[in-house]
Amino acid sequence: MGKADAACWSVAEQALIAAVDALHVRATLSDEEFKALAAHYDDAKIFEIILLCGFYRTVSYLANGLDLPLEEKTARFPR
């Protein structure tokens, strides 16, 4: 899997990917990660990013905890 700082991403995309990774791993952002986001996104967008990450985590907990079947016609990640 690629890293957040891969050359294929813009600086704004790198900050976003790093923030999403941090939220996934630590459920928080460091001051540096927040500053990197703030250089490209306003507070409302940062708030939305954090909420969206939490929403997807909640959906994952529900789907996995309830052992919901996979949707038949959706794309799959490679294993």
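## Exercises on helix H1

The face of H1 turned away from its buried side carries His24 and Val25, both exposed (over 50% relative accessible area, 1.4 Å probe, protein chains only; buried means under 20%). This is a predicted model, where local features need pLDDT of at least 70, side-chain atom pairs count only at pLDDT 80 or more, and totals for chains, interfaces and linings use all residues. Residues are numbered from 1 along each chain as its sequence is written, and side-chain values use heavy atoms, with hydrogens and water left out.

**Exercise 1.** Work out which residues of H1 are buried and where they sit around the axis.

*Solution.*
- Step one: Ala12, Ala15, Ala19, Ala22 and Leu23 are the buried ones.
- Step two: they share one side of H1, because they cover an arc of only 95° around the axis (taken from the directions from the helix axis to the C-beta atoms).
- Step three: look across from that side, and the buried residues pack against helix H2 (31–38) and helix H3 (43–65); contact means heavy atoms within 4.5 Å.

**Exercise 2.** Describe how the axes of H1 and H3 cross.

*Solution.*
- Step one: the two axes (lines fitted to C-alpha atoms over the stretch in contact, with angles from 0 to 180 degrees between N-to-C directions) come within 10 Å and cross at roughly 45°.
- Step two: that angle makes H1 oblique to H3 (not under 35, over 145 or 65 to 115 degrees).
- Step three: to pin down the residues, Leu16, Val20, Leu23 and His24 of H1 meet Ile49, Ile50, Cys53 and Arg57 of H3.

Note on methods
Helix = DSSP H or I, 4+ residues; strand = E, 2+ residues; numbered from the N terminus.
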